[in-house]
Amino acid sequence: MLCSRLSPSSFHLSPLRLLGTAASRTVGFKQAELHPTALNFEDPSAFRVKSLRELLRALTVFRLCSFPVLVNNCGKLMSTARSILGRKAFSLLLRPTVYAQFVAGENESEISQSMEKMSLLGLRPMLAVPMEEDLGESTGERRYDDNMAIMLECVRMSHSNAWCKDPMMQLKVTALLNPELCVKLTAVIAQQPYDLDLLVRAMDGEHVTFPGLDQKEGTHLMHGLQRLDKIAKASINNVRVLVDAEYTYMNPALSLVTMAMMKKYNRDSAWIWNTYQCYLKESRSLLLEALSLSKREGFCLGVKLVRGAYMDKERKLAEKEGRVDPIHQSWEDTNDSYNGCLDVMLRTISQNPERYRIIVASHNEESVRRAAKRMEELHIDKDRGSVCFGQLLGMCDYVSLTLAKEGYAVYKSVPYGSVDDTIPYLVRRAQENRTVLQGIRKERDLLRREFKHRVGGILRGGGGGS
């Protein structure tokens, strides 16, 4: 975490995690409710752009996702199905169903077709390479170099195709840097500050010594920083790179390297962004410290604001280790946290829209409406690019399409790759977002209403989508 009491470039982990819920209460976004905006998320006509086949596929997939037993065990079920059916038959089964709902395609041609259709709907792509790394899964420098090459290809695809004027992509640091080292680095910076200049010098190729790390660890960190630097260098003036947050036991290290990239590359615009998980009690403090550092250091700040997706694992780990639960105790507290952080960023953007940006990455209608209303109150231009919205591909389309229709910048997080490459990613996302998947009754109802409308039109001789 950042701390204003340190020297301008220093980065360390403050003892905020030990404060329990006290810090979260400072969010306190308990003002009188904002008046609802003109945004209408009740109209099934938002799905008129979808074909009959797409409506039926979405209804089927969302119905399956509504069963907790299927979501909780989807990894085992898919593994069993793959072993019984074989790789080819399994792929043939998933491609027109779950894969087609949530994945853009396997090769650039398929991805382009999906992206061109999104563009026609006024939606923008945020490509996501489905790379999964966690503790015990790393396999050496060559694996990380290969991952870097894949991400560089993602940068190229994002900006070389005319899918939108301001493309984005997601980046997972632990696909380029050993997760165990990120945990070790998190522990180190909890005890002593780290100077961002040290990491910037390492990115530039200078041989440096990292406090608290042995020679092998330091060498790997050097290689990881240089991989990140190559991706950042390729993205400048081309693609905005949104760095994913992960688990609390490694997030401070991820933020450290992300801030170093920001310091080096975000001088004139926010090309590198960081993610803030508002289900964490410390989220508001983290955001305020990042804003303070960006002002002192003179770099632009890009923020991806999410509620968070690792709740179950974080709570179980905290209980196992005897630590204070880092997650808000209630959904209402998380909402207050999200809305409070959102308001902080929107007020900051209204004062300096050239240097601060946010993507409101949420499927929550109330948060989306609140953001739109505050933009109006603070006179933030929809078209300027300083505020945009984001949802997952294949989910919450009625919100995405309504926002796009009203002129807001809307991105869809777009994973791509083969069935084998994307299924582990989709399984993990499904289990981390199970509450979202099980709470999509409204989207199913809207899809069902549009499906009945379309079928009725066909039966009356009015035609319909294929």
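Asn-237 sits in the loop that links α10 (215-235) to β5 (240-243). In this predicted model, Asn-237 has a positive phi of about 70° without being a glycine. Most residues other than glycine have a negative phi. The side of the story that concerns solvent is simple: Asn-237 is exposed, its relative accessible area being 59%. A second residue invites a look alongside Asn-237. His-379, also not a glycine, has a positive phi of about 60° and belongs to the loop between α15 and β9 (387-392). With a relative accessibility of 73%, His-379 counts as exposed.

Where does Pro-167 lie? Pro-167 is found in the loop between α7 (141-160) and β3 (168-171). Unlike the exposed Asn-237, Pro-167 counts as buried, at 6% relative accessibility, which is under the 20% limit for that class. Leaving aside residues up to four places away in sequence, Pro-167 touches Ser-158 and His-159, together with Asn-238, Val-239 and Arg-240. From Pro-167 to Val-155 the separation is 12 residues in sequence and 9.3 Å in space, C-alpha to C-alpha.

Turning to the chain as a whole, the secondary structure comes to 19 helices and 10 strands. The chain has 466 residues, of which 58% count as buried. Its exposed surface is about 20000 Å², with carbon and sulfur atoms supplying 53% of that area. For contacts between residues at least 6 apart in sequence, 78% join residues at least 24 apart.

The interior can be followed through its nonpolar cores. The largest of these has 133 residues, and those with the most contacts inside it are Leu-127, Leu-171, Tyr-194, Phe-210, Met-259, Leu-305 and Ile-358. Helix α11 (residues 251-265) contributes nine residues, the largest share of this core. Another core lies apart from it and has 10 residues, including Ala-270, Trp-273, Cys-300 and Tyr-411. As for Phe-210, and again not counting residues up to four places away in sequence, its contacts are Tyr-194, Leu-198, Ala-202, Gly-218, Leu-221, Met-222 and Leu-225.

Two helix pairs were examined for their packing. Two packed helices are described by the angle between their axes and the distance between the axes. How do α14 and α15 meet, and at what angle do they cross? The axes of helix α14 (residues 331-351) and helix α15 (residues 365-377) come within 11 Å and cross at roughly 25°. Angles under 35 degrees count as roughly parallel, and α14 and α15 are therefore roughly parallel to each other. Their crossing is right-handed. On the α14 side, the residues that take part are Tyr-338, Asn-339, Leu-342, Asp-343, Leu-346 and Arg-347, and they meet Glu-366, Ser-367, Arg-370, Ala-371, Arg-374 and Met-375 in α15.

The other pair joins helix α4 (residues 74-85) and helix α5 (residues 87-102), whose axes are 6 Å apart and which pack at an angle of about 125°. That angle makes α4 oblique to α5. The crossing of α4 with α5 is right-handed. Contacts in this pair involve Met-78, Ala-81, Arg-82 and Leu-85 of α4, which meet Arg-87, Ala-89, Phe-90, Leu-93 and Leu-94 of α5.

Terms used
Residues numbered from 1 in each chain as written. Predicted model: local features only at pLDDT ≥ 70, side-chain atom pairs only at ≥ 80, totals over all residues. Heavy atoms only, no water. Helix = DSSP H or I, 4+ residues; strand = E, 2+ residues; numbered from the N terminus. Buried < 20%, exposed > 50% of the residue type's maximum accessible area, 1.4 Å probe, protein only. Contact = heavy atoms within 4.5 Å. Areas by Shrake-Rupley, 256 points an atom, 1.4 Å probe, with all protein chains shown as cover. Core = buried A, V, L, I, M, F, W, Y, C linked by side-chain atoms within 4.5 Å. Axes fitted to C-alpha atoms, helices over the stretch in contact; angles between N-to-C directions. Parallel < 35°, antiparallel > 145°, perpendicular 65-115°, else oblique. Left-handed = near helix turned anticlockwise from the far one by under 90°.
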